[in-house]
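Open the model in your viewer and keep the selection tool at hand. The tour below says what to select next and what is there.

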Amino acid sequence: MRGFHPRPRRRTGPDPRRGRRTEEGSEILERALSLLPGEGDVRVTQASWTTLRVANSVLYQPHFEQSWTLSIRVATEEGRLGVATTSRTDREGLEEAVREAHAAAREAPALSDFPGFPRASSGPKPRLPLDPTCGKPELDRLSRDLKASLGIIEEKLGTSRISGAVNLGLTHLWVGNTQDLRQDSSRSVAQASWLTERLAEGEPAGSGWAERAGWSSRRLDLPSLAREAANIAPRSPAVPIPPGRYRVLLGGSALFELLSYLSWMGVGAHPILEGWSALARQQGRRVAARIVTLREDPWDTQGLPEAIDAEGLLRKPRPILRFGVFRGPSHDTFTASRASTRSTHEAIPPEAPYGNLGPIPRHLSLEPGDADHPELLQELGRGLLITRFHYVRAVHPGRLVLTGMTRDGTYWVEGGEVRHPVQNLRFTESVLKALEGAELLGAGLRGYSDERGFLSAVLPSLVCRSFRFSSRTTF
Amino acid sequence: MEEILQRLVKGALRRGALYADARGVRGYRAQHLTVKNGQAESLTWSREDGVGLRVLREGGWGFAGTTCLTPSGLGEVVRQANSLARAVGRVRKNPVPQTPEPSGPQDGSYETSLREDPFGVETAEKLSLLKEAESRLHGTPEIKVGRAHMNCRTFEKLFLSSEGWSYRIKLTFVGAGLEATAIGQGEVQRRSYPTSFGGDFAQSGFEFIRQMDLLGHSAEVGRTARDLLSAPSAPRGTLPVVLGSDQLALQVHESVGHATELDRVLGYEAGFAGTSFLKVKDRGQLRYGSPEMEIVADATIPGSIGSFPWDDEGVPSRRYPLVQEGLLVGFLTSRETAARIGDPRSGATMRADGPLRTPLIRMTNINLEPGDHSPEELLEEARDGLYMETNRSWSIDDRRLNFQFGCEVGRRIIKGELGPLVRNPLYSGMTPEFWSRLVARGDPTTWHLWGLPNCGKGQPGQTMDVGHGAPWGLFRDVQVGGPA
């Protein structure tokens, strides 16, 4: 296991970093639990989110939101389940939500194999790092950083169009159930991206991209990220190349897109138990090259660490692919019971639309190699350097075949050197085939996530032997 | 709620805002019911109340929203919206023009017309319908996953602006669908009804779901999923293609709807959603497709989830052309973007997916108008080609040019008639080139107004209800081919 992992330690009282909110959330949780007519569990989430968005080189439509959400799941004795969510935390609101969850449960088909709600996990909760300023951003500092970043990009690119976003969030989750489980956890999310477009005669003539995610707003380092995105933007016109199979060096952003699909379409218990995942019946078998070791690592402080799952069980690291061998799906209490195994503590909230998804790994961590960027290019030799994919969708879920476009920095590499930008290509390729052809991993690691940190990853760059491109566009 | 909105707008003006509008949503209720393989996968009831405040200062926009309707929660909204708008000016000033709309609602009101309140129908009855429909999907052992779902939503939205416009609307949306997944012979195949990704949706009462006749269609859905397992692969090559209404609706969505959003055209969505191959100067000049291509934006159609009386800036909804006889003639606009290109009026497309989000330019009902060909005439004109319906995968580049769409079902067209089933059909192309090959549109019997409740856009992301009417369409020389 690499990276810094905090030593679990026993909690001895309210977390002083969260103060009054801890008490308020716990009170709401207890009030809701006291209203349950039978068995059930409750999640209380308090969230603050800020998005500072740059468009056309100005800060545009900045956004702040604050919310309370309760998710209540009740079960009847026959194993009938109903779920309700509400933004109301007053007694009347809680009563209404419990009533509706119970009404849905009464009508639900019985689940004869429902195992009930879990008891608290044994062992101490890890104390994970937290940045409280993600809940109330330091606007003065961020404004200065944004202004400086715009200046850096314009200095490097000249006439340009700059886009980007900074997403900062602080969430507090309290979970309890009628088996006396009580857990709570806080999480900070900081995610930023820059898109730099060089303009020629007023029109985009090449773009670059850089992104980063982590638990700390200050660690985003917006100016250095801006510099990186500006360096990636091509300085010369892109050259068309024919579709076909090429060797590729996938940057972290591109790899994150592919592994996201592996997570929710491949590793989740639902697709595996139902038989339509490409990883169904593959447990214990090699599905990727030996160099690929992929973990679910909710403790990795280079990513977005998270202490508990939606059932209140303590999250913990586990292997997904070890030396290319698939080690098993993600499970919550229910799917684990069905599969006669134990929960991997990767439950997600039971309400729609999450409930349909089922348990999935949300904190991916790919073991790095030891190659620096020039060595990766040298290994690639002749092929494509891919920065980012766009609009990726599954063409054939059963084989994990995806399609999508390259975007914001696609280069032709020859003799281990970047030669020229190429026009964007559409890929149609299986994620597993790409991982089977993994040849070399970079040493550098970076955190990636979607804008709210639902899915995150810590990834290096990766050289793949073969990647199929099925068509191309004109820019 | 009215008092809360007034307080927010007044608070913003007191802090120096040039303009402010506030939206409140109360009584939002949603019910999501999914039955999978005879079991309840997700029976969720949701409730959300909240408010959002948008303020305009000299520097630019700021927005804040909350579900905390306490004095301190509301005070925080006013503070944050103003702080953010001020921050815009500190980074770089961004003066925002707005069209001077001639009129807005003064205490306007509107309510979805419905015959049967979906929340008046017992959950037991809804579940009974879903359970029976789902069970009929399993007429064959190859069906490993059957799923039947239903969504009902209702909410009251209130709007108030510092220009004195105000309205109150109560909207109700319903939708349902079926899905069968067959596994065998090394294949995974899925068939949906009436279309994929959740089914069809309308602004309506429960009568819309009753009319869908889920029970009457489910057995056939299961059989088709099974038959796809052993069907031959779709042909590859360049062929005449007839697209069914639901797939052509998605083609309109991706390659016309998004491409004509003026915020994308002007570069305001470059970072995430992308831009557009269209330029402002293309209006009235660019040939988007063949003369058969007639596309309108129409937010006034009763019963569609893309319809509304006023948008989230208070501008009255309307109908206007986007493409006429293949020529680009319009964009989807807001007060700000319309003013930026010198248009006198907004296209009334600004909507947010809830009180905690700022309004954006969103599609309304973007429709390809019907033509005059019967289905038989379209197939006869295609002669030898491929028919495709019901989307399975969709992807398009960030300027809305290069696309690739996969469908659930394909059928060979042989000598002007629908022939055998083929599996994994997909087609690809470049937007204007593809539309230039539209040679005939189906008549009104082939036209359907689909409700898509899952259009994604924005930072932070928003999921919007949009509508697309489309007939069957015949395209010449389309690149088709199955996945590797």
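Two strands count as paired if DSSP finds at least two bridges between them. Helices (H or I, at least four residues) and strands (E, at least two) are DSSP runs, numbered from the N terminus.

This is a predicted model, in which local features need pLDDT of at least 70, side-chain atom pairs count only at pLDDT 80 or more, and totals for chains, interfaces and linings use all residues. Residues are numbered from 1 along each chain as its sequence is written, while chains are lettered from A and ligands numbered from 1 in the order in which they are written.

**Stop 1: strand β20 of chain A**

Select residues 462-472 of chain A, which form strand β20. This strand is mostly covered, with nine of its 11 residues buried. Buried is used here for a residue with 20 or more other C-beta atoms within 10 Å of its own, the C-beta atoms being placed from the backbone.

Now add β8 (residues 244-250) of chain A, which pairs with β20(A) in the antiparallel sense over six bridges. Here A:V248 stands opposite A:C464. Next add β17 (residues 438-441) of chain A, antiparallel to β20(A) over three bridges. A:C464 appears again, as the bridge partner of A:A438. Finally, take β16 (residues 425-430) of chain A, which three bridges join to β20(A), also running antiparallel. In that pair A:R426 has A:S471 as its bridge partner.

**Stop 2: a six-stranded sheet in chain A**

Which strands make up the open sheet of six strands in chain A? Its order is β11-β10-β9-β12-β19-β18, and the pairing is mixed. The edge strands, each pairing on one side only, are β11 (325-326) and β18 (446-449) of chain A. Select α5 (residues 252-267) of chain A, a helix that packs on the sheet and touches β10, β12 (363-366), β18 and β19 (456-459) of chain A. Touching means contact: two residues whose C-beta atoms, placed from the backbone, lie within 7 Å. The direction of α5(A) makes about 130° with that of β19(A). Such axes are lines fitted to C-alpha atoms, for helices over the stretch in contact, and the angles run from 0 to 180 degrees between N-to-C directions.

Return to the β11 edge: β10 (residues 318-322) of chain A pairs with β11(A) in the antiparallel sense over two bridges. A:L321 has A:F326 as its bridge partner there.

**Stop 3: helix α4 of chain A**

Select residues 222-232 of chain A, helix α4, and mark A:L222, A:L225, A:A226, A:A229, A:A230 and A:I232, which are buried. They lie on the same side of α4(A) because they cover an arc of only 160° around the axis. The arc is that of the directions from the helix axis to the C-beta atoms. Among the elements that cover these buried residues are α3 (139-157), β5 (160-177) and β13 (383-396) of chain A.

**Stop 4: where chains A and B touch**

How many residues does each chain bring to the contact? Chain B gives 71 residues and chain A gives 76 residues. On the side of chain B, the largest share, 12 residues, comes from strand β2 (residues 39-56) of chain B.

Select that strand together with β4 (residues 81-86) of chain A: four bridges join β4(A) to β2(B), and the two run parallel. The bridge partner of A:T85 in β2(B) is B:S46.

Terms used
A residue is buried if 20 or more other C-beta atoms lie within 10 Å of its own, exposed if 12 or fewer, and partly exposed in between; C-beta atoms are placed from the backbone.
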